[in-house]
Amino acid sequence: MKPPPAPTPVSPEALRGRYPHELERTWQPAGASVVTIRPLRPEDLAIERRFIEALSPATLYQRLQYSATSASERDLARLLDLDYYDRLAVGGVTQDSTGETLVGVSRYARVPGTRRAECAIVVTDGWQGRGLGSELMRTLMIAAQARDIDCLEGSTLAENSRIANWGRRFGFSVHTEPNSGGLVVVRIDLTDLALSGE
């Protein structure tokens, strides 16, 4: 009996606009409820809004790099304007009797005309330090590699030593940008990484 034929390779560009079901998975952290890790969709506007509203002022400031207490409807729509190729966001979602709660997000946006993308990650205060950020970033990196992105980079405030230390542990290079007032840039080269979707 012949083995089944190998699946036809899909070009990275063919992934544009298609919701990537293959990135969906569950993750069971120690001592906490199951988290569904999945790409975000435009209809996730309500849980994205609640997510931002639940962030502490300190976390929100470190994420946005300016003081804010909420996001406008325009900001929310922009965050969820995703084509799953040049712009993609992966969320960690918990479920209870009241519905879904977004507890962390990693996202990237390709720098136009390049194989680089700006990335960001934020985790709600109650979920920080549990490994969720690493799970979200691993999934984002798998997606980026499949979409012809060779490098992810982001920036944070110098005072946000926690994210800089996490970035170093995760494999990012971390350096202070010259003449930036202390802005720290984190960068990871995806070309030499052996990532698996398993």
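**View 1. Strands β3 and β4 form a hairpin with two residues between them.** Strands, like helices, are DSSP runs numbered from the N terminus (strands E, at least two residues; helices H or I, at least four). This is a predicted model, in which local features need pLDDT of at least 70 and side-chain atom pairs count only at pLDDT 80 or more, while totals for chains, interfaces and linings use all residues. Residues are numbered from 1 along each chain as its sequence is written, and side-chain values use heavy atoms, with hydrogens and water left out. Strand β3 (residues 87-96) runs antiparallel to β4 and is joined to it by ten bridges; two strands pair if DSSP finds at least two bridges between them. Within this pair, G92 stands opposite G104 of β4.

**View 2. Strand β4 also pairs with strand β5.** Strand β5 (residues 116-123) is antiparallel to β4, with seven bridges between the two. S106 stands opposite I121 of β5. The hairpin of β4 and β5 has five residues between the strands, and G113 takes a positive phi near 75° there. Strand β4 (residues 99-110) is mostly covered, with nine of its twelve residues buried; buried means under 20% relative accessible area, exposed over 50%, and partly exposed in between (1.4 Å probe, protein chains only).

**View 3. E48 lies in helix α1 (residues 45-54).** The residue is buried, at a relative accessible area of 2%. Leaving aside residues up to four places away in sequence, E48 touches L40, L76, L79, L80, L102 and R107, where contact means heavy atoms within 4.5 Å.

**View 4. Helix α4 (residues 132-146) has the span expected from its 15 residues.** The expected span is 1.5 Å times one less than the number of residues; for α4 this is 21 Å, and the end C-alpha atoms are 22 Å apart, which agrees. Helix α4 is mostly covered, as eleven of its 15 residues are buried. Among them are L132, G133, L136, M137, L140 and M141. An α-helix has 3.6 residues a turn, so residues three or four places apart point the same way. Just after α4, D148 takes a positive phi of about 60°.

**View 5. C119 and C151 are not joined by a disulfide.** A disulfide is a pair of cysteine sulfur atoms within 2.5 Å, and a search of the whole structure finds zero. The cysteine sulfur closest to that of C119 belongs to C151, and at 8.5 Å it is too far for a bond. C119 counts as buried, at 11% relative accessibility. C151 is likewise buried, with a relative accessible area of 11%.
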